[in-house]
Amino acid sequence: MKKTDKSALIKELSDKINEYSHFYVTDTLGLNAGQTSNLRRECFKKDIKMMMVKNTLFKLAIEQSDKKVEGMDDAFKGTSAVLFCNTGNVPAKLIKEFQKKTELPVFKGAFVEESVYLGSDQLEVLTKIKSKEELLGEVIGLLQSPAKNVISALQSGGTKIHGILQTLSEKE
C-alpha cells in the first residue's frame, strides 16, 4: 500500500471515530462468507457501520482523532473488525445475539460512553448500558407517574363527592 493511500485510509478512519460516539473491536476470523454477510446485514439494520481494519492503521487513526482513547492496545491483536455506532449498547446486543448461533465474532474491546472496555467478560456489562433514548424514556415515565396519580385521585374523588352530594340531596 502506498504511503498516500495509507494516509487517506487513516484520515477516513479518524473521521469515522469522530463521527460515531462508540466503537467496538471484534475478531471475525472463523466466520464463513454466509455468516459474515449475515453479520453485515444485521449491522446495517441496526445502523452500525462495520469495517475490517489493519490494527496499526486504526491505532494511528485513534491518535489523529479528537477522542481520548487510551488502553485499547490489547484489543488490536489478530484480525480486527470495528463496529461504529451512536448507541452504546446496540453493538453489544448484536454481538451477543450473533454468538448464540455461533461463538463468533469474538468481542475484544470497546470504547463506549468515554470509557474503554476490554475482554469478553465485559460484553455482558455493555449490553446492560442504557442508551440515551432509554434513559430519557425512563425519566419521562418517572415524571409522568406522580401527575397520573394526582389526576387519578382527583377523578375518583370527584365521583365520590358527587355520590355523597346526591345521597344527601335525596334525603332532604
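Here's a quick briefing on the fold, one helix, some backbone oddities and the aromatic rings of this protein chain. The model is predicted, so read everything below as computed from that prediction. The chain has six helices and five strands, and its radius of gyration of 26 Å is well over the 16 Å that the globule rule gives for 172 residues, so the chain is more spread out than a compact globule.

**Overall layout**

- Starting at the N terminus, the order of elements is α-β-α-β-α-β-α-β-β-α-α.
- The C-alpha trace spans about 100 × 35 × 25 Å along its principal axes.
- Buried residues make up 34% of the 172 in the chain.
- The accessible surface adds up to about 10900 Å², and carbon and sulfur atoms account for 55% of that.
- If you take contacts between residues at least 6 apart in sequence, 79% of them join residues at least 24 apart.

**Helix 4**

- Helix 4 covers residues 90-101, and at 1.5 Å a residue its twelve residues should span 16 Å; the end C-alpha atoms sit 18 Å apart, which agrees.
- Its buried residues are Pro 91, Ala 92, Leu 94, Ile 95 and Phe 98.
- Looking down the axis of helix 4, those buried residues fall within an arc of 160°, so they line one face of the helix.
- The cover over that buried set includes three strands' worth of names to keep in mind, namely strand 1 (22-27), strand 3 (80-85) and strand 4 (106-112), along with helix 2 (33-45) and helix 5 (123-128).

**Backbone oddities**

- For context, most residues other than glycine have a negative phi, and most peptide bonds are trans.
- The peptide bond from Leu 104 to Pro 105 is cis, with omega near 0°.
- Pro 105 belongs to the loop between helix 4 and strand 4.
- Asp 47 isn't a glycine, yet its phi is positive at about 60°.
- You'll find Asp 47 in the loop between helix 2 and strand 2 (49-53), and its relative accessibility of 59% makes it count as exposed.
- Glu 114 also has a positive phi, near 65°, and is a residue other than glycine.
- The loop that holds Glu 114 runs between strand 4 and strand 5 (115-118), and at 59% relative accessibility Glu 114 counts as exposed.

**Two buried strand residues**

- Thr 26 lies in strand 1 and counts as buried, with a relative accessibility of 1%.
- Setting aside residues up to four places away in sequence, Thr 26 touches Thr 79, Ser 80, Ala 81, Leu 83, Ile 95, Pro 105, Val 106, Phe 107 and Lys 108.
- Two names in that contact list have come up already: Ile 95 is one of the buried residues of helix 4, and Pro 105 is on the cis peptide bond with Leu 104.
- Val 53 sits in strand 2, and at 12% relative accessibility it counts as buried, the cut-off being under 20%.
- Beyond its neighbours within four places in sequence, Val 53 is in contact with Leu 13, Phe 58, Ser 80 and Val 82.
- Ser 80 is therefore a contact of Thr 26 as well as of Val 53.
- The C-alpha atoms of Val 53 and Tyr 117 are separated by 19 Å, with their positions 64 residues apart along the chain.

**Aromatic rings**

- A search of the whole structure turns up seven aromatic pairs.
- In one of them, Phe 58 and Phe 76 have ring centres 5.3 Å apart and planes at 40°, so the pair is tilted.
- That pair links distant parts of the chain: Phe 58 is in helix 3 (residues 55-64), while Phe 76 is in the loop between helix 3 and strand 3, 18 residues apart.
- Phe 58 is buried, with a relative accessible area of 0%, and Phe 76 counts as buried at 4% relative accessibility.
- Ring pairs also tie Tyr 20, Phe 23, Phe 58, Phe 76, Phe 84 and Phe 111 into a cluster.
- Phe 58 thus shows up both in this cluster and among the contacts of Val 53.

Terms used
Residues numbered from 1 in each chain as written. Predicted model: local features only at pLDDT ≥ 70, side-chain atom pairs only at ≥ 80, totals over all residues. Heavy atoms only, no water. Helix = DSSP H or I, 4+ residues; strand = E, 2+ residues; numbered from the N terminus. Expected span 1.5 Å × (residues − 1). Buried < 20%, exposed > 50% of the residue type's maximum accessible area, 1.4 Å probe, protein only. Arc of directions from axis to C-beta. Contact = heavy atoms within 4.5 Å. Rg over C-alpha atoms; globule rule 2.2 N^0.38 Å. Areas by Shrake-Rupley, 256 points an atom, 1.4 Å probe, with all protein chains shown as cover. Phe/Tyr/Trp six-rings, centres within 6.5 Å; stacked < 30°, edge-to-face > 60°.
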